Each structure stands twice: as C-alpha cells, then as structure tokens.
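Here is a set of short exercises with worked solutions. Try each task before reading on.

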There are 4 protein chains.
Amino acid sequence: MKLRVGILGATGMVGQRFIAQLYNHPWFEITSLMASERSAGKAYKEVAKWYIEGEIPEEVSEMIVEEINPQKAEKGELDLVFSAIPASIALEVEASFAKHVPVYSNTRTYRMEKDVPLVVGDVNPDHLQLVEVQREKRGWRGGIVTNPNCSTIGLVVPLKPIYDNWGIEFVHVATMQALSGAGYSGVPSMAILDNLIPFISGEEEKVESEPLKILGSLEGDEVKNASFSIMASCNRVMILDGHTEAVFLKTEEEFELDEVVKALKSYSSEPQKLELPTAPVPPIVVREEEDRPQPRRDRNAGRGMAVSVGRLRKNEGKLLKFICLSHNTIRGAAGASVLNAELAYKKGLLKV
Amino acid sequence: MKLRVGILGATGMVGQRFIAQLYNHPWFEITSLMASERSAGKAYKEVAKWYIEGEIPEEVSEMIVEEINPQKAEKGELDLVFSAIPASIALEVEASFAKHVPVYSNTRTYRMEKDVPLVVGDVNPDHLQLVEVQREKRGWRGGIVTNPNCSTIGLVVPLKPIYDNWGIEFVHVATMQALSGAGYSGVPSMAILDNLIPFISGEEEKVESEPLKILGSLEGDEVKNASFSIMASCNRVMILDGHTEAVFLKTEEEFELDEVVKALKSYSSEPQKLELPTAPVPPIVVREEEDRPQPRRDRNAGRGMAVSVGRLRKNEGKLLKFICLSHNTIRGAAGASVLNAELAYKKGLLKV
Amino acid sequence: MKLRVGILGATGMVGQRFIAQLYNHPWFEITSLMASERSAGKAYKEVAKWYIEGEIPEEVSEMIVEEINPQKAEKGELDLVFSAIPASIALEVEASFAKHVPVYSNTRTYRMEKDVPLVVGDVNPDHLQLVEVQREKRGWRGGIVTNPNCSTIGLVVPLKPIYDNWGIEFVHVATMQALSGAGYSGVPSMAILDNLIPFISGEEEKVESEPLKILGSLEGDEVKNASFSIMASCNRVMILDGHTEAVFLKTEEEFELDEVVKALKSYSSEPQKLELPTAPVPPIVVREEEDRPQPRRDRNAGRGMAVSVGRLRKNEGKLLKFICLSHNTIRGAAGASVLNAELAYKKGLLKV
Amino acid sequence: MKLRVGILGATGMVGQRFIAQLYNHPWFEITSLMASERSAGKAYKEVAKWYIEGEIPEEVSEMIVEEINPQKAEKGELDLVFSAIPASIALEVEASFAKHVPVYSNTRTYRMEKDVPLVVGDVNPDHLQLVEVQREKRGWRGGIVTNPNCSTIGLVVPLKPIYDNWGIEFVHVATMQALSGAGYSGVPSMAILDNLIPFISGEEEKVESEPLKILGSLEGDEVKNASFSIMASCNRVMILDGHTEAVFLKTEEEFELDEVVKALKSYSSEPQKLELPTAPVPPIVVREEEDRPQPRRDRNAGRGMAVSVGRLRKNEGKLLKFICLSHNTIRGAAGASVLNAELAYKKGLLKV
C-alpha cells in the first residue's frame, strides 16, 4: 500500500518536478494535484505549462486539478503533502494541512522557525527529529519539514565534509542561477537575452542564513547554528536549469587540496546508507576536467540529485576556491523535499 | 598634423575596437593595418569578421592589410603603434617595434616586467613615467606601455577610491565574462547555449596579480606592489560584450556605505582633468537601481569607457559587496590602450 | 513652431520607439505621453521598461505620464497623435482623438476599413489622400492614418518594385520574428531558449491581406486591392529586434535576376524625393554577401528604416527567392507611423 | 551473434549519435571507432567533445579510436560500416570499404548516383534493392546505401502520404536549422547570439533535389524521379538540436484538411510493420496545439526518430501549409542510417 500524496502548487516549475519525482515512486502515489482557483476543475495538461523533457505522465495528464483545501487531509484521504506554494500564502495553508498530515515543503515561510526542521537529507538527516518537538509544541498531528532554497542546497552539500574536517571561517559565494528558478514566466526573454541580471529578490538573505542552521547541531529541542559568516551575490543567467556557484572559503584548520578532493569524493550520508529510492550515489560528483561542472552537461548527474563540484583550487592562507552545480528544481527543490520524505518514511516519522 | 598610427592584429575583436576608437580621432590617424600573413595583401573588409554595430568605416574598409613588419617603424613611416597580437608572438614583435616607436599594447606578455608600465589611465597615470626607465635600460627609442587584462580593468577602477580611502585586506571576485573576450571563433555556440563555462585559461592568474601592480606605488625605478590578497573565479557566459564581476572585499578601516558610494561617484583622475578625447566622465557610473548594472544595458556607458558599479552592500566586519561591469573590448582592451596613449601624448611621452 | 505631439501607449516597446523617433524631431515635439491608468501620474522613467540602447532622453525621462484622454485634443492642446495602443481599446479611443486631431496609428483596428488609408510611406504614399474621404464621411476633423503590421512592411517594400515591373502571381513567406514584437513580457525566456515558436496569434492573417490593400490602387473614393495570393507562416525566434522573412514568389512576366537586383537597388519613392527627416536613403539595401541580411547586423540599416534584401535567387518558371529583413519596432512600427506623418506634413494633410 | 560494426567519423556530432543509436543494439555491436589521424590512437573520451545528454557509454568511452582504414573490412573483421565522414574524402574512402562490406552512409557524396539507393526507411524502403544492381555493376561485395540530408528527411516523411493521396505540384520550404547540423565548432557563438544566418552552404540544392529521388519509383535498374518542383530557403537559428521547416505546397488533386490530418496520423510503413528496433511508432506525430511542434519540446518524439507535424492549414487553390520538425542528428542523420541497416538486415541485404 503506497502512501496517498497531495501536491500543493502542482502546476508550477517545482510542482512539475514533484510529479516527475513522485511518478512511479515505490512508496508514494500521487492522488491529488492542488493549485490556485484559476486552475481548479481543469485537467492538469490544460493548466500546466509542462517544461520537463518528454510529455506529462499519462495518468497525471488527465487528473483534475483541485483547489487547495485541507479538508481532504482532515478527512483522512491523504497521508502526506508536498508543498510548492508561494510564500505569501504558506503561513496559513501549510499550517492547515500540517494539523492533519506531514507537510514536506519547499517554501521558505517556516524554514527559520525554531521548531521546524530545515533539512537537506544528505547533510543533516538527524534534524528531522525536530518535527516531534514541533508536533508536541503546536499540537499538530502532521507537522512541517522544510528544505532550504535551491542555491543553499547546492552549496551546503559540499560544505558539509569541509566543515566537518577542517572547520569554516567564512564563505563567499557568487551564484549564476537558471531561469526555471523564477517560474515559467518569471524572466521575460527581452530581459535576459544577451544579458544577465545581478539580482534575485530575497535570495542572498537565504543563502547567507540557511546554511548556518543546516550545519548547526541539534541540541535538545533546538538547533544551535554554525557560526561562520557567509556573503552571497546572486545572479540570473540565461540557462534553463542548473545553478552554478563560485565559492571562496577559508577553513579554520590547514588543509591539503588532495585531502579535500578525497573528502568530497568519499562523502556519503544517511540517504545513501538507507538506499533511499531517489538518493544520489554518490551525493557529490567531483569533476576533474579543467572546465567542469557546466550546467547543461552536469545538471542531471545522479538523476538531478547529485551536486557536481569542480575546479578545486587552494590559495595561500587556508583559502579554497571551487565551483559547485546542482539542478535547481530537482536537487534544489522538489527532489530535496521528496528525499526528506523518504528519509522520514524509513525513520517512521511519516506515521500520523 | 596627426600622429601616424599602426594597428598590430587589426582584424580581431580588439583590433576592430582599436579602429572604432581611433577612427576620426583628433590626434591620431590610422595609416597601417597589420595582421597575420593570411590576411596580408587583402582589403580589410575581406578579412575582418566585423562584429561592431554598423558598417566598417569606409576608408578603413578598403585599406589593404599589411603583414606585421617593424620596417615601417624603422623607416619613420609610423609615429605610434597599438598592439592586439597574440601573446605567443608578442615578445619579439612588440620589441622590434618598440626600438623605434612607442607601442601601446593590450597583450599580456610585457605586463609584469619590472620596467614596463602597466597602466589604467584613470587609476595609475603616474606609472607611465616608467617608460623612461625602460627606454634608458633597454636602449629603445619607443618603448612599451601595457594595459591590463579586461577583467582586471573593470575591477581595479572601482577598487582605486576604496583602496585610497579605507585600504583593502582582501578581494574575492567571480567574473561572468562575455564571448567577445575569447575572439570571434573562440566559443562555439554548441558549447555555450543553455550553458556557461566556469573556466577561462590563464584569466584568474592575471586578475589575482595585475591589480597589485596597478595599485602599487612608483618608487624610483620601480613599482612597489600593493599587498592585499585577491582570489578570482572566472566564468564565460552567453553575452556578446560586457564583463560583469561580483566583488567581495574587506577593507582595512571601518567604512560607511554612503561614504563608499560618494567616493565612487565623485572619483575623477588625470584623464578627466586633462579632458582626454576618450576619457569617460565620470569614470565610474554608480547605478542605484536594485538590479543594475546589466551588461546589455550598461556596457556602453561613457561610450564604452565607464565602469558601472551597483548593488553596493555592507556586511558586518568591514565587508563590502558590489557588482561592477565594463565593456571588455573597449574599456577592457582597445579603449584602455588608446586612453593611455592620449595620456602619454599630453604628457609629452609619445615624442621619440 | 513645432507641432505638439501626443503618444498613446507611450510605455510599451513601440511607444518607446515613438519617443526615439520623435525626440529632437525638426517638425514635431512630444508634449504628452499617454498610457494606461496604472502608469498615469508617474514619471516616465518609473513606468517604462526602457529597452532601447542608451538611456531615456532626459526631458522625456521626467515627464509625467497621463491617462489616455481625448480632452487635450479637444481643447486644442495637441496637434497630432501617434498611437500604439492595444487593438482591444483602439476602436473607441482612436476615434475619440480622430474627431479633433490626426491620428497616426500602428494598431491594427482601422487598417482594413475602406475609408482608412493603410500606408507605407515608401510604397503607396498616394493612398494618404484617402483621409480626406474619411474626414468627410465620418465628420472627423483629424482622421486616422494607419500603417500595417511589422511583417507586412518588411515584405511589401521589396515587393513594390517587383510588382510594378513584372507583376506577381503569388507570394509565400515564412517569417522569423523578433521578441520585441510581442512586447517586453510577451515571450518568457523559459519558452524560447533553445527553442522557437511556430505561431504568432493573428499574424498570418495580416500578412496575407494587408499587402494587397497597400499594393492596390486608389481609385476615386476607395482602394482597389491587388489580386495575387499570399501564404504566410509566422515564427518567433530568440532575437531581440529585427524580423527576417524568407520569400518565395512567382512573377507574371519573365524576369532576369540582375534586373530585379537593379530594380531593388534603384528603388526610390516620395519620402526620398521630399527628403523627409526619417526617410531611409535608399529605402532598400541590397546585400550581396552570401549570408546576409542578418538581424543583428542589418536591423539598424538606414537608422532602422531601411529594408535589407539579400540571397536573391531565381528558379525556373518565373520563381524568385529572397530574404528580407527590417527592424520590427522602427521600420515595422513607430518609424512607419512617423514617416507617414512626415509625408502628410509635407502634403499639407496635417492641418486640421 | 551480433554483426560487428565500424563507425567512420566516430567523434563528430553524427558519429556520437551513431554510438547512441547502436549502443546496446540487439543486432549490431560497435567494434571499431574510426576517425581522422589526429584522433587515432587515443581513447574515445579524450577526443570526442561529447554533446549528448548524459555521459559517454562506459565501454565506448575507453575504446581506442583507429585511423580510417579499409583493411579491417578486407580482413573480415567487420560486418558492416556506418559512415559520417566529410564529403571531401567520402568518394574514395566509402568505396574502399564498400568493396568488402555494406556501407550505410550519411554523407552526401554517393546520394545522387544512379545505382546508389537514397533511402528513408519509412518512405521508400523498396529502393534498398538497388544495392543489388550496384554490387553487380561495380563488383562490390558490400555496396553503399545512403540516406539524405537532415532537412530532406524531416520534409519527405510528411510529404509521402500527401504525395500518394493527392499528388504534389510544388513545395516551397523555409528551414530553421539547429546548430548541431554544422558540427561542434561550426557556428561561433559570436555569429549567432541575438541573430540568425539565412544561409547554409549546399543545403538548398540538396533539399530541392533529394526528395524527388526518394519519392521516385524504382523501375527496373533505376529510380524514376518524382516530377514536382521544390524551392528551399535554409536558415540557421540558435537552437541545439531539431530542424523546423515551414512548408507551403500545392497538391494536384483537391483535398480536405481533415483527410490530410488523417493520412498523416495513420501513416505507417515497412519499418513499423517489421517492428524494427529503432522504428518510430508512429513515424509521424501530428500536434494539434496551435503552437507546436517546437524544437525543444518535440525533437525527441519517438526517441528522436519521429517527425512531428503541426499547424496544418488549407488555403484556397489546393494550397496546404504546415510546420514539420525532426531531430537533425537522430532522425535526420545517424538514426536514418541505422534504420536503413535494420531494414536491410531483415530483408537479408546485409549478407555479403
């Protein structure tokens, strides 16, 4: 018996990726596609501007989109919900579902709440437990588990083994982010052709704060943040999918470059040990070519779930430079939520 | 009477920009276009893949390209030479011209030689004097004056007022560089469409070293380098012209953000004071919109000679972030050489 | 004394081009920028997403946008109006202005009305007279003069000398149209990157009908349409400005290819004879290179007002192939309206 | 026992697609990768700029590229050869292999020879028999079978059912062709960004002649060409893969549009009947959306082997317009050769 899954915000870029990740999933079955009033009552194929390679999976294509409504959860017709709704409505909507079923959310609203886990499955799987605190504290049967912003995820995965082995003093990161991150109509072609836009609203704030919670340690009822400093500069470039990040960092301890390469290559975490269905093996792909990773070439590594790292270079003074790249709507969004839910499933945290 | 000017490497991207900057110049007149054997003997319009807006200036269009040969300089038929030749041949070729006439070079070969000025007209105009040392030491009547790499120029102009006012402890910079920097056929469309390339051969080394010489001080017969550290990560993006740079830096002294803005806006240097023909006024354009500068919108600021700076943000701990942008083949190449020559003209350094 | 000009729909792509064509015009002066309620009351620079090379002309930049309202025309505060408003509102709005002042419109609504001139200044300048019929019939003091769709203009200019000399049996044309034709936000980057869209709503119908009215003859009170057949297939490609059209046609009389080339090169019309301020000289630029015209290279020919034609090839059976290209928002829109108004000015048709 | 297959020109765009089509093929096994001297002796992964989604198949990746040499065929170490070599060397090279083994060639050199089959598996499978005439006439044990140019294939597949049912009087076609057709370095990014190129050397000649041989009838020892006229205008646009073609045609007999749609949808040919491994089912995909087919969305239909057709419109006078689209390096090149070889295999024509 598969768990019955609802997708909130099913028609957008991330919603589409939720469908692609959950379609034919061994444990989960899509039973409800929910979106705004405008789309409700129509067949999915009529309202989604499907941008993923290939056609919409046939069964999904004909499903009727429903209005977002927690009643289905309340009535016990859903076991689990994935959310890709706008932050502007998430505060109430996600709570209304979380009272009844687990909500795995890609939306930013609850990420920094003290009792809400902000989890990247391959980085801080232990933080998932925080949802028990949340359930108790808020009286919610389901609870909310969040995953971070797309740029945060691509960054924090390679930071993890570095942080564990040598500590981090600071991170400076310039991102070159794909168009799909802004939604289908988010960036007009007139704005970006022969151009780039050196600004993404709200993005730098997330990249500068979220990794500190993720790399923090769960101590009792709360997460104690990591304490290094981050500076981010976020840019939109003319690429369909795949965020590339140029990272400069300073470690606390002296390192040898080949040891960093080795630590990244051999990194593995709980999703790999548990052989979760969508876990990338390995989670980090180290490219040794002089000009990789590149978004069109590497975004689909590990079926879009691996982070590719390359151009590792050491400068004097414990300084390290590298490029990391990940698929922003798979690894950086829908895939991250699904991986979190798989992890919770194995740990028994999806039972309501 | 205008000075008779030769252009070495006249058919390439930078060679074309030399023509655009020098055509109808009040002091200089193009009298010789020199390029490789392959192009020699043919009309310019037949061998140049002209990429600049508009047609080739009519007189230039019909000029016969000559093989690169210092005899013209030796015989007194040229007063001045601009060079955009490949580094692989510059060691000998530029020297052979420099024996007879001043050479203003965009090529990297001589940049870091102790007795060769590496000059950005708006930043270290006083370094030009070093050419006198060079003439004496090498017995050359003309001498070589170089300008730095395109990414260095766009960076070092805004660094100058910051360095002068608050000092700099380190600079980390990620570049997003335009296609024209690689030459007309340098980047296949199959390589860059829906993609970026996080590597430009030799570029990071230049950006990490050249600014230190430029911001250094001329003391007696040599330049004493500035002593802060630079880390660069250079990326190629699908944009015709205009290099964008995401800069992170730490100052030595505490700063207020509005004072930095003021220092950048009010910055002016010798080319502005001397009202040189191609000097941008102001040299730094500060954009206050939240999403500027952008390459397609801002690369032609100051007729391609200004550096646009925007998104100035302060982080705790004397940390500053900003985006700077400049036209890589005008401000970052041909225009920089021409501005240096104009400066030298006014200072009497072009007389042989 | 310049005529006082209002621009309806001043903030869009075509509205911006009206400003660029009319700024510093010797006969016309922009005195009112009108747009939708949403923009009214704000400075132009705050509401227009300026996409034209360079900054907004300074005086215009600070002008306060007004709501579209014919009162100004009624009160005698305007002498002439240019219109780039959506077709959905043009029926009433343009009429309300036309009662008082001449309206030169780029909107499709009135184009095919029997008493409304559909004019390309270089092709059928004599049709302008039809406005007198219209004034009398409708009791309007001003009247409406339209110019055709952007793709029609680029096509009909080179068709004119061919039609006059050899007659035309049919025209088949496949267009490759630029993004600006769809408005700033008309084509999402996610829709068009690594892609093209083989459909533009309503476009083929216009291209298949408008040229027949333009190449028709004014007989008494009406235009007798030309009688050949046209088939059009319209495609959107990822290019900022410049529509390219692949034309296949069959003439009525046998032709020699070099005579066609000669007829195109030597073509001239009334705007050239009258030396109108924005008339391109020549109106048709014949490119003889094997791979021209190209949009990025040729769209600005004749300051964006010339049509470039190339790849003229003859097949057996009176068949002719060629490529034509024109700037869709200058020659194909705002520039066409302005040229018509200049023509009317010289012919005394702007007097109310 | 699989047939041992060699690929001539294995490193280029089409060579890569040969590998992708033949890897894990049920009947064929890649045993030799041949390319120019420059690549010979090196591992495939070192010399191929792999552009296909995903990594190079692992076994192929490490294979050592060999110099092109017919000895292997002569010695009986190969059963079959696929060719993607430049036309400039094909005359001799393909003949030298054809003496010993069947050669299935994507190169243009032999296409129009009287005794050489020019075959699109889904259109004129019966023409394959012509290879027996060739073997006898030339004394070759293997023989050469060619497939047409990429643009021809995408066009001729939908023409076939129209030609069979209503006859064709003329075809006018404007192509918008992808970059991969020009080879990895064929189109510099500086040439095509914000641009298109309305010329592809030699392409129009092929599109105007090849379909007539393919739609011709095999009568005795030769093909009697179809007799309608074709005009083509070929354009390069900034798209990675997928040629789009705007077709205008006139039938001989009157047609109803819905009957044409039905004829296209229900079209099937010998590869479908024989259930060949790479045969697309159906060979023609009719898109009914108003804005399809689009290259990024539809190029991979039928695993890149189907031709997508859309925007079918009827004009008066037996005139039909439509858009067709196919993957230029799969359906239009390597996939076409492989399909021909599969067909020959089933018909017993690969036995030497």
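**Exercise 1. A residue and its contacts**

Which residues is B:Ala174 in contact with, leaving aside its neighbours within four places in sequence?

Solution. Some ground rules come first. The model is predicted: local features need pLDDT of at least 70, side-chain atom pairs count only at pLDDT 80 or more, and totals for chains, interfaces and linings use all residues. Residues are numbered from 1 along each chain as its sequence is written, while chains are lettered from A and ligands numbered from 1 in the order in which they are written.

Step 1. Fix the term: two residues are in contact if their C-beta atoms, placed from the backbone, lie within 7 Å.

Step 2. List the partners. In chain B they are B:Ser233, B:Asn235 and B:Ala246. In chain A they are A:Ala174 and A:Ala246.

Step 3. Place the residue. B:Ala174 lies in strand β7 (residues 168-177) of chain B. Strands (E, at least two residues) and helices (H or I, at least four) are DSSP runs, numbered from the N terminus.

Step 4. Count its surroundings. B:Ala174 has 29 other C-beta atoms within 10 Å, so B:Ala174 is buried. The cut-offs are 20 or more such atoms for buried, 12 or fewer for exposed, and partly exposed in between, with C-beta atoms placed from the backbone.

**Exercise 2. How chains A and B meet**

Find the operation that superposes chain A on chain B, then describe the contact.

Solution. Step 1. A rotation of 180 degrees does it, with 0.0 Å of shift along the axis and an RMSD of 0.0 Å. The fit is by least squares on the C-alpha atoms of residues with pLDDT of at least 70 in both copies. The two copies are thus related as by a two-fold rotation axis.

Step 2. Which residue of chain A comes closest to the rotation axis? A:Ala174 does, with its C-alpha at 3.2 Å.

Step 3. Count the contact: 31 residues from chain A and 31 residues from chain B. At least two residues each come from β7 (168-177), β10 (229-236), β11 (243-251), α12 (295-298), β13 (307-315) and β14 (319-326) of chain A. The largest share, four residues, is from β10(A).

Step 4. Sort the chain A side by class. There are 16 nonpolar, nine polar and six charged residues. Here Ala, Val, Leu, Ile, Met, Phe, Trp, Tyr, Cys and Pro count as nonpolar, Asp, Glu, Lys and Arg as charged, and the others, Gly among them, as polar.

Step 5. Compare the two sides. The copies meet through the same surface, because 100% of the interface residues of chain A are also interface residues in chain B.

**Exercise 3. How chains C and A meet**

Say how many residues of chain C are in contact with chain A, and of what classes.

Solution. Step 1. 14 residues of chain C are in contact with 14 residues of chain A.

Step 2. The chain C side has 10 nonpolar, three polar and one charged residues.

Step 3. A turn of 180 degrees and a shift of 0.0 Å along the axis lay chain C on chain A, with an RMSD of 0.0 Å.

**Exercise 4. Two domains in one chain**

Describe the domains of chain A and their contact.

Solution. Step 1. An automatic or database assignment sets the bounds. Domain 1 of chain A covers 3-149 + 334-346, and domain 2 covers 150-327.

Step 2. Their C-alpha centres lie 24 Å apart.

Step 3. 33 residues of domain 1 of chain A are in contact with 32 residues of domain 2 of chain A. On the domain 1 side, α1 (13-22), α6 (130-138) and α13 (330-346) of chain A each supply at least two residues. α13(A) gives the most, with seven.

**Exercise 5. A helix check**

Why does the length of helix α9 (residues 203-214) of chain D agree with what a helix should span?

Solution. Step 1. The expected span is 1.5 Å times one less than the number of residues. For the 12 residues of α9(D), that should be 16 Å.

Step 2. The end C-alpha atoms are 17 Å apart, which agrees.

Step 3. Look for buried residues. Among them are D:Val207, D:Pro211 and D:Ile214. Their cover in chain D includes α7 (150-166), β7 (168-177), β9 (222-224) and β10 (229-236).
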